[in-house]
Amino acid sequence: MLPGGSKDKSARQDGYFSEKFNRVMDGEAYSDPVKLRRRYRMAEAKKNLSKAFLPTNGQKAMNGLGTFFGTIGGNVKAFSPVSKGGGSGKNPLKNVMTNPGKRGTGYGYVAVTLGKYPNSENMADPYDNDKQIYRKEVAQHKAQLKAGAFHLNMHPSDYFDGNPYRTDKPLPPLRKSADVTKKDVGPPFRPSNPGKVMGGMKAGTFEPYPLKSKDPYGIKDKRPVNVVNKSGRIFMPSQGPKTTPCKSIVNQNVVRSVNITNYRSVTVL
């Protein structure tokens, strides 16, 4: 079985599966897109309840300096350059007239200052007025007290309970050193012997040293001399990797430089 192979795309139908170009919709009506847009606009215009919406006018720009064109309030009559014309004007009143200042320094003279002269009633001020006010307050406070100062019925003490080490009895006389030496006190106290230090003979232990250490030295676990495997041969471990000769660093650099020069000469040729 030999297939025909892949076809290349061209202007003809050779590159497609079907031999004839088929339309997606066969026999559909022609539709004009411009006409459809107009019908859509007419349908939307019928939905409007009134005329088309027009925004308000934008901000007006000034015509120049000194004009009121473009302002919200319009022209201001007070700033109008037109003359008002002469009319019956009222005479202005006179300025306020005051008496001239009186002569004198004011120190030691009566009725020279702007204010009235202080009376003798306002000038009376006792020297110790604050002390008299304090005495009146203290006397008023004592008059409101019903009895004397409050005192506790118990006497204050230094401790909550009595001191158990305190006594009013006289102390006995001191003993002399001779009275103490005459009594038979006994031999002096000696502590028990301290623990013995461990030495070469193990004398510092509580119990005697075990006798197992007297056993003669020898090999406890004996192993067979000839160990063979299943095939009857003695086990021999595998040899490790053998070392190879190493070249010196100087020799490697020389060989490398020679190889580079040979490669360059070959490329030039």
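This is a short dialogue on reading a predicted model.

Me: What kind of model is this, and how are its residues numbered?
Reply: The model is predicted, so local features need pLDDT of at least 70 and side-chain atom pairs count only at pLDDT 80 or more, while totals for chains, interfaces and linings use all residues. Residues are numbered from 1 along each chain as its sequence is written, and side-chain values use heavy atoms, leaving out hydrogens and water.

Me: How many helices and strands are there?
Reply: Helices (H or I, at least four residues) and strands (E, at least two) are DSSP runs, numbered from the N terminus. Here the protein chain has 5 helices and 0 strands.

Me: What share of the residues is buried?
Reply: Buried means under 20% relative accessible area, exposed over 50%, and partly exposed in between (1.4 Å probe, protein chains only). Of the 269 residues in the protein chain, 0% are buried.

Me: Which side chains meet in a salt bridge?
Reply: Side chains of opposite charge can pair when their charged atoms come close. A salt bridge is a side-chain nitrogen of Lys or Arg within 4 Å of a carboxyl oxygen of Asp or Glu. The whole structure has 1 salt bridge, and K47 and E44 form a salt bridge at 3.4 Å, N to O. K47 is exposed, because its relative accessible area is 58%, whereas E44, at 31%, is partly exposed.

Me: Is F79 buried or exposed, and where does it lie?
Reply: F79 has 63% relative accessibility, so it counts as exposed. F79 lies in the loop between α1 (33-45) and α2 (120-123).
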